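Open the model in a viewer and keep the sequence panel visible. The stops below each start with a selection.

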Amino acid sequence: MKTVRAVLAFLALGAFLASLALAAESVADTVKSKCASCHNLVRVCAGIGKHDAAAWQKIVQSMVRKGAKLSGEEPAEVSKFLASGAAAGALDCPK
Ligand code: HEC
């Protein structure tokens, strides 16, 4: 019984991590499709690791004013994502 529970816990953890990865993946797609039309992602990559979520929020808002087509929760999600350690890898930023 203990093994079954351990296996279940392991599977649940796996599903949880997969859902996190999936969420990062889809925000990464938003950035790839909506932040690379005026300049390329190199510009976005250059800011990763330099700005926190609040600073990104300001930058993203100024991009929206310039014409970036983000709606609803996207500006907040994108800002949080860009401030996270997952961003550089998910966007294939040059190292
Ligand atoms: C409508 C065109 C457009 C879109 C779409 C766009 N940008 Fe920009 N972006 C610009 C222009 C123009 C500049 C240079 C002027 C400036 O620095 O304000 C810039 C500059 C930047 C900079 C450097 C500015 C700084 O203060 O360091 C970053 C970072 C950036 N963009 C990120 C993004 C992100 C993230 C997105 C997607 C949410 C995005 N951009 C979408 C036009 C755009």
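The tour goes from the whole chain to the ligand, then to the core and to single residues.

**Whole chain**

Start with everything selected and colour by confidence. This is a predicted model. The average pLDDT of the protein is 89, and 87% of the residues score at least 70. Confidence is lowest in helix 1, residues 2-34, where the mean is 77. Helix 3 has the highest value, 98.

Switch to a cartoon view. The protein has five helices and zero strands, in the order α-α-α-α-α along the sequence. Of the 95 residues in the protein, 16% are buried. Take the contacts between residues at least 6 apart in sequence: 67% of them join residues at least 24 apart.

**The ligand and its shell**

Select the ligand and display what surrounds it. Which residues are closest to the ligand? They are Cys35, Cys38, Met63, Gly67 and Ala68, in a shell of 16 residues. Helix 2 (41-47) and helix 3 (53-66) are the elements that give two or more residues to this shell. The largest contribution, four residues, is from helix 3. Colour the shell by class to see nine nonpolar, four polar and three charged residues.

**Helix 3 and the residue after it**

Select helix 3 and put a distance label between its end C-alpha atoms. The label should read 20 Å, which agrees with the span expected for 14 residues at 1.5 Å a residue. Now step to Gly67, just after helix 3, where phi is positive, at about 135°. Gly67 is also among the residues closest to the ligand.

**The nonpolar core**

Hide the ligand and select the largest nonpolar core, a set of 14 residues. Val31, Val78, Phe81, Leu82, Ala87 and Leu91 have the most contacts inside this core. Helix 1, helix 3, helix 4 (74-83) and helix 5 (87-90) each give two or more residues to the core. Helix 4 supplies the largest share, four residues.

Centre on Val78. Leaving out residues up to four places away in sequence, Val78 touches Val27, Thr30, Val31, Val60 and Leu70. One of these partners, Val31, is itself on the list of core residues with the most contacts.

**Ile48**

Next, select Ile48, in the loop between helix 2 and helix 3. Is Ile48 buried or exposed? Ile48 has 20 other C-beta atoms within 10 Å, so it counts as buried; the cut-off for buried is 20 or more. Beyond its neighbours within four places in sequence, Ile48 is in contact with Leu82, Ala87, Ala88 and Cys93. Of these partners, Leu82 and Ala87 are among the core residues with the most contacts. For Cys93, add a C-alpha to C-alpha distance to Ile48: it is 9.1 Å, across 45 residues of sequence.

**Lys80**

Move to Lys80, in helix 4. Lys80 is partly exposed because it has 16 C-beta neighbours inside 10 Å. Add Trp56 to the selection. The C-alpha atoms of Lys80 and Trp56 are separated by 7.7 Å, although the two residues are 24 apart along the chain.

**Asp92**

Finish at Asp92, in the segment after helix 5. What is the sign of phi at Asp92? Phi is positive, about 55°, although Asp92 is not a glycine. Asp92 has 11 other C-beta atoms within 10 Å, so it is exposed.

Conventions
Residues numbered from 1 in each chain as written. Predicted model: local features only at pLDDT ≥ 70, side-chain atom pairs only at ≥ 80, totals over all residues. Near = placed C-beta within 6 Å. Nonpolar A, V, L, I, M, F, W, Y, C, P; charged D, E, K, R; others polar. Buried ≥ 20, exposed ≤ 12 C-beta atoms within 10 Å, placed from the backbone. Contact = placed C-beta atoms within 7 Å. Expected span 1.5 Å × (residues − 1). pLDDT = per-residue confidence, 0-100. Core = buried A, V, L, I, M, F, W, Y, C linked by C-beta atoms within 7 Å.
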